[in-house]
Amino acid sequence: MTGNEAFARGAYEAGVKVAVAYPGTPSTEILENIATEYKDVYAEWAPNEKVALEVAIGASLVGARAMATMKHVGVNVAADPLMTLGYVGVNGGLVLVSCDDPELYSSQNEQDNRHYARFAKIPMFEPSDSQEAKEFLKLGFEVSEKFDTPVMVRSVTRISHSKGIVQLEDPVTPPVKIEIRKQAEKFTMLPSNARVRHRFVEERLLKLKEFAESFSGNRTEINDPSVGIITSGISYQYAKEAFPEYSFLKLGMVWPLPKNLIAEFFKKVKKVIVVEELDPFIEHTLKTMGFKPKGGKDRFPICGELNPLIVEKGMLRQKIKAPRPLFKEPLPPRPPNLCPGCPHRGLFTVLRKLKLFATGDIGCYTLAAYPPLSSLDTCICMGASISQAHGMAKALGDGGRGKFVAVIGDSTFLHSGITPLMNTAYNKSYATTILLDNRTTGMTGSQEHPGTGFTVRGEKTHKIDFVELGKTLGVESVRKVNPWNIEETEKVIKEEIEKDAPSLIITTGPCILMRREFKQYNKPLEIDSSKCMGCKACVNLGCPAISFQKVEGDMAFTKDGKKRKGISHIEPSLCPGCHLCYQVCKFQAIVSQEESPSFGFQTL
Amino acid sequence: MDHQTTNVLVAGVGGQGVILASDIMCEVFMGAGYDVKKSEIHGMAMRGGIVTSHFRFGKKVYSPLIKEGEVDILFAFEQLEGLRWINHVRLNGKILMNDNKVNPPAVNLGEMDYPKNIPEIIQSKFKDFYLVKGTEIALQAGDVRAANVVLLGAMSKLFTIQDSLWLDTILGHLPPKVHDLNRKAFAAGKEQIKAG
């Protein structure tokens with residue numbers, strides 16, 4: 001099982017009643033797995049992580065075991081309820097799984113969410129493999145109910161997306177009865193109640209410290225006493241791989257830390273090294289407790305993820321040499337790219353042509369920042385595109401009109417874009433928002449959301465009407481465009497950005513991978529090699545199906561005798577026939593195989 | 001092999017079936033009684049980027065990541081991705097590579113050339129190098145998606161695990177209507193490797 005599959009299994013075995021999430025790498029598969037494998041657990045996609053955690057709080061309030069799962073930056077969105085949830089505690093056990101992304105494989109930062117446990121004064125478990133992912137999740141529910149506290153379980157990409165062997169067990173029946181309870185002193189955080197609960201939080205933390213001393217997940221392994229390694233999570237595996245002979249204090253619970261257990265470990269070994277990924281969280285805590293480890297972040301980097309080699313070299317205080325160079329020449333990189341036929345490519349081709357500044361957001365379209373499109377200019381967090389564009393409008397004044405747009409996807413818009421668009425209209429902005437409605441949460445691998453009309457389990461449900469929503473928020477000018485039609489898209493954008501009023505432009509092209517949205521794909525386009533001038537207009541769309549091939553000899557001339565450096569090639573197995581290239585070719589060298597060339601597709 | 005861990009690095013391009021292939025290897029070696037771990041990066045890699053999967057088996061495996069420079073077997077689904085990782089293979093390591101090229105963006109744009117003579121470069125540095133016509137054979141068999149099964153067939157020849165365990169695991173991941181095609185793909189892949 002992957003770590004994420006093990007978390008899903010753990011939820012099932014713990015008797016979780018309600019599981020809620022918003023998709024985000026590397027956490028997405030936890031809820032997907034619950035939805036497909038464990039029908040006894042109610043599962044839903046929430047529009048954002050704040051809502052997800054609040055839904056879980058509601059379920060816990062009536063006594064059900066509840067779980068919210070999210071990526072590290074999702075916890076920022078859920079931080080508001082989380083900080084007060086620490087005060088109110090639980091009835092049914094509540095676990096928040098935070099999946100961090102050291103090395104930023106698919107994220108905008110690599111924050112270390114262990115800080116949240118200290119900040120919210122709640123316990124945090126950190127598994128080292130899939131087996132522990134399942135075990136610690138189940139223990140999380142027991143600890144949550146025993147101490148009246150939410151519990152965080154922290155994963156990282158290398159736990160969530162790694163596989164290991166997992167022993168399965170039968171599900172348990174949770175001990176708490178599910179019923180409505182009136183407990184205003186516990187759940188209504190008026191200042192008078194909250195002051196009392198804050199004292200409870202501090203007392204609870206003392207009890208949790210005591211619990212940590214005997215917690216089975218905090219394990220001492222005494223071998224060679226010359227070196228003792230204090231570590232947790234995935235770092236334990238790297239250190240154990242590199243130095244199986246040394247002694248270990250493996251912390252399964254990273255907050256609060258067991259002071260007595262640590263003191264004993266310091267007595268048993270000659271010197272202590274702390275091995276941890278990202279911030280010196282354990283190291284600093286040890287130092288504030290008065291311990292003096294011999295090494296920590298002076299040996300291991302704060303930035304990026306660890307691996308067995310970094311741990312080995314850091315322990316030995318050696319520099320990492322580049323691997324022996326069998327092949328030295330630079331290789332072409334392979335960055336992620338928008339798919340062939342992607343509806344975003346048409347829109348960004350127009351934005352590039354119009355030389356507009358685009359405030360961007362989180363999704364596949366963020367990839368338009370890469371060359372050759374290079375037409376997305378900002379990316380901060382979910383929903384920020386719209387608010388930033390509004391801020392730009394107010395700062396630039398009338399001189400900025402017609403020079404920039406905000407670009408946001410449908411799932412991101414429903415996550416955090418509604419409030420800023422309301423603000424844009426309320427505060428009389430001229431900023432134009434382009435909503436890329438591709439009918440799915442694309443980047444994380446096609447998840448449903450309130451705009452798709454389906455639930456996580458594929459049941460039909462209410463579908464948001466973005467036109468009506470835009471108007472309700474106060475945007476009078478709401479227009480739809482077909483993003484595969486360059487002329488139409490350009491015309492509408494030009495008209496809307498000139499207006500002295502907020503506009504919402506909705507692109508109607510579904511994600512090319514969403515088969516259910518298409519009647520059929522088109523036939524692949526072809527290059528007429530007698531006409532192609534090698535001007536690269538089509539190549540510069542950045543479509544993976546189109547390549548530039550250098551030509552020599554007879555091929556270096558067109559049929560009319562004009563010289564050319566190369567010609568384009570369209571790989572038929574990759575081309576779904578969106579016809580964008582057909583529109584940008586000035587030499588009629590791209591041939592449609594359709595009876596009447598279509599700009600885009602027949603969608604359902 | 002019972003007392004040490006074997007490191008297999010599977011490398012390719014998003015969409016080639018790298019992750020499924022390493023999933024299958026994981027199950028096969030678990031079925032054969034080994035401790036197994038594997039780790040990979042997906043997410044943004046779905047959109048045509050580099051996909052690598054670290055697969056490790058042995059008596060007891062700790063890290064899911066292979067230590068740099070300690071790859072025993074490089075299993076490459078594409079030529080450039082094969083070349084990209086050869087610096088990480090042990091000098092006496094094995095390389096099994098699909099004879100297939102997928103252009104990266106810089107090559108499509110005409111800014112860089114796709115490296116020439118990759119098989120010859122690798123052959124000159126590694127004695128145990130196997131070039132498999134995975135994509136070509138799969139196309140002949142009737143479905144390019146069977147390329148990873150052709151490659152797994154070839155890979156199976158590097159180990160002593162019985163074919164039935166490989167085939168049962170592979171077919172368990174596929175709908176019944178393509179079982180015959182994939183049995184043939186597996187057998188054809190095995191024939192690509194002469195040494196047993």
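## Two chains, question by question

Biologist: Let's begin at the start of chain A: which residues of H1(A) are buried?

Modeller: Keep in mind that this is a predicted model. Ten of the eleven residues of helix H1 (residues 3-13) of chain A are buried, so the helix is largely enclosed by the rest of the structure. By name, the buried ones are A:Gly3, A:Asn4, A:Glu5, A:Ala6, A:Phe7, A:Ala8, A:Arg9, A:Gly10, A:Ala11 and A:Tyr12.

Biologist: And which residue with a positive phi follows H1(A)?

Modeller: Helix H1 of chain A covers residues 3-13. After H1(A) comes a residue with phi near 75°, and that is A:Gly15.

Biologist: How far apart are the C-alpha centres of domain 1 and domain 2 of chain A?

Modeller: The domain assignment splits chain A into domain 1 (3-214), domain 2 (219-315), domain 3 (343-517) and domain 4 (526-591). Domains 1 and 2 touch, with 25 residues of domain 1 in contact with 21 residues of domain 2. Between their C-alpha centres the distance is 25 Å.

Biologist: Which element gives the most to the side of domain 1 of chain A that touches domain 2 of chain A?

Modeller: In that contact, 25 residues of domain 1 of chain A meet 21 residues of domain 2 of chain A. On the domain 1 side, the elements giving two or more residues are H6 (114-120), S5 (124-125), H7 (130-147), H8 (157-160) and H10 (191-214) of chain A. By class, this side has twelve nonpolar, two polar and eleven charged residues. The biggest giver, with five residues, is H10(A).

Biologist: Now the sheet with S8, S10, S9 and S12 of chain A: which are its edge strands?

Modeller: This is an open sheet of four strands with mixed pairing, in the order S8-S10-S9-S12. Its neighbouring strands are turned by 20° against each other on average, direction ignored. The strands that pair on one side only are S8 (219-221) and S12 (271-275) of chain A.

Biologist: Do S9 and S12 of chain A pair in the parallel or the antiparallel sense, and what stands opposite A:Ile229?

Modeller: Strands of a sheet pair through backbone hydrogen bonds, and either sense can occur. Here S9 (residues 224-232) of chain A is joined to S12(A) by five bridges, in the parallel sense. Opposite A:Ile229, in S12(A), stands A:Ile273.

Biologist: Helices H11 and H13 of chain A both involve that sheet, so to speak; what angle does H13 of chain A make with S12(A)?

Modeller: Helix H11 (residues 233-242) of chain A packs on the sheet, touching S9, S10 (246-251) and S12, and makes about 150° with S9(A). Helix H13 (residues 281-288) of chain A lies across S9, S10 and S12 of chain A. Its angle to S12(A) is about 140°.

Biologist: Is A:Pro280 buried, exposed or partly exposed?

Modeller: A:Pro280 sits in the loop between S12 and H13 of chain A. Leaving aside neighbours within four places in sequence, A:Pro280 is in contact with A:Gly296 and A:Lys297. Being buried takes 20 or more other C-beta atoms within 10 Å, and being exposed means 12 or fewer. A:Pro280 has 18, so A:Pro280 is partly exposed.

Biologist: Over to chain B: what is its radius of gyration?

Modeller: Chain B has eight helices and six strands, and its C-alpha trace spans about 50 × 40 × 35 Å along the principal axes. Of its 196 residues, 55% count as buried. A compact globule with 196 residues would have a radius of gyration near 16 Å, and chain B agrees, at 16 Å.

Biologist: Which element supplies the largest share of the side of chain B that touches chain A?

Modeller: Across this interface, 44 residues of chain B are in contact with 44 residues of chain A. Elements of chain B that each supply at least two residues are H1 (18-31), S2 (35-40), H2 (79-84), H3 (105-108) and H4 (118-125). By class, the chain B side has 23 nonpolar, twelve polar and nine charged residues. The largest share, six residues, comes from S2(B).

Biologist: Last one: which residue of S2(B) is the bridge partner of A:Lys163?

Modeller: S7 (residues 162-163) of chain A and S2(B) run antiparallel and are joined by two bridges. In S2(B), the partner of A:Lys163 is B:Lys38.

Note on methods: Residues numbered from 1 in each chain as written. Chains lettered and ligands numbered in written order. Predicted model: local features only at pLDDT ≥ 70, side-chain atom pairs only at ≥ 80, totals over all residues. Contact = placed C-beta atoms within 7 Å. Nonpolar A, V, L, I, M, F, W, Y, C, P; charged D, E, K, R; others polar. Pairing = 2+ DSSP bridges. Domains from an automatic or database assignment. Axes fitted to C-alpha atoms, helices over the stretch in contact; angles between N-to-C directions. Rg over C-alpha atoms; globule rule 2.2 N^0.38 Å.
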